[in-house]
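I opened this notebook to keep track of what I looked up, entry by entry, for someone who has not met this structure before.

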Amino acid sequence: MINKMRAKKVKIDLRPKIKIQVDNRTMITVRSMDAFRAWKERYPDAMIIE
């Protein structure tokens, strides 16, 4: 019996990275504006850095 092992495919995520600052020392990277809106509901002072 021959055991053939396959190499894992590398998944490339082409979505843009959005950095947000939740408070004065916490920065979070999200992948969509929907995720940013969810954080904005929890932290009204959150703002986009990049």
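**Entry 1: strand S2 and the sheet**

I began with the side chains along S2 and found that they alternate: Ile28 and Val30 point to one face and are buried, whereas Met27 and Thr29 point to the other face and are not buried. I note here that I am reading a predicted model. The alternation fits a general pattern, because in a regular strand the side chains alternate between the two faces of the sheet.

Next I looked up what S2 pairs with, and I found that S1 and S2 run antiparallel and are joined by four bridges. Within this pairing Ile18 stands opposite Val30 in S2, and Lys19 has Thr29 in S2 as its bridge partner. The connection from S1 to S2 is a hairpin through five residues.

I then asked myself in what order the strands of the open sheet are arranged. The sheet has three strands in the order S2-S1-S3, and the pairing is antiparallel. S2 and strand S3 (47-48) stand at the edges with a single partner strand each, so one side of each has no neighbour in the sheet.

**Entry 2: the nonpolar core**

Having seen two buried side chains in S2, Ile28 and Val30, I looked for the company they keep. Both belong to the largest nonpolar core, which has seven residues: Ile18, Ile20, Val22, Ile28, Val30, Phe36 and Ala46. S1 and S2 each supply at least two residues of this core. As a general remark, nonpolar side chains tend to be buried together in soluble globular proteins.

I picked Val22 for a closer look and listed its contacts, leaving out residues up to four places away in sequence: Val22 touches Ile28, Trp39, Tyr43, Asp45 and Ala46.

**Entry 3: salt bridges**

How many salt bridges does the count come to? I noted three salt bridges, and I went through them in turn, bearing in mind that side chains of opposite charge can pair when their charged atoms come close.

Arg15 forms a salt bridge with Asp13, with 2.9 Å between the closest N and O atoms. Asp13 also meets Arg31 in a salt bridge, at 3.6 Å from N to O. This second pair links distant parts of the chain, since Asp13 lies in the segment before S1 and Arg31 in the loop between strand S2 (27-30) and helix H1 (33-42), 18 residues apart. I also checked accessibility: Asp13 is partly exposed at 35%, Arg15 is partly exposed at 48%, and Arg31 is partly exposed at 28%.

The remaining entry on my list is the salt bridge between Asp34 and Arg37, at 2.5 Å from N to O. These two residues are three apart in helix H1, which means that about one helical turn separates Asp34 from Arg37. Asp34 counts as exposed because its relative accessibility is 56%, while Arg37, at 48%, counts as partly exposed. Looking back over the bridges, I wrote down that shared partners join Asp13, Arg15 and Arg31 into one network.

**Entry 4: a nonpolar patch on the surface**

Last, I turned from the core to the surface, where Val10, Ile12 and Leu14 make a nonpolar patch of about 420 Å². Is Leu14 buried or exposed? Leu14 has 77% relative accessibility, and exposed means over 50%, so Leu14 counts as exposed. Its place in the chain is the segment before strand S1 (18-21).

Note on methods
Residues numbered from 1 in each chain as written. Predicted model: local features only at pLDDT ≥ 70, side-chain atom pairs only at ≥ 80, totals over all residues. Heavy atoms only, no water. Patch = residues over 30% accessible without salt bridge, like charges linked within 9 Å, V, L, I, M, F, W, Y side chains within 5 Å. Areas by Shrake-Rupley, 256 points an atom, 1.4 Å probe, with all protein chains shown as cover. Salt bridge = Lys/Arg side-chain N within 4 Å of Asp/Glu carboxyl O. Buried < 20%, exposed > 50% of the residue type's maximum accessible area, 1.4 Å probe, protein only. Pairing = 2+ DSSP bridges. Core = buried A, V, L, I, M, F, W, Y, C linked by side-chain atoms within 4.5 Å. Contact = heavy atoms within 4.5 Å.
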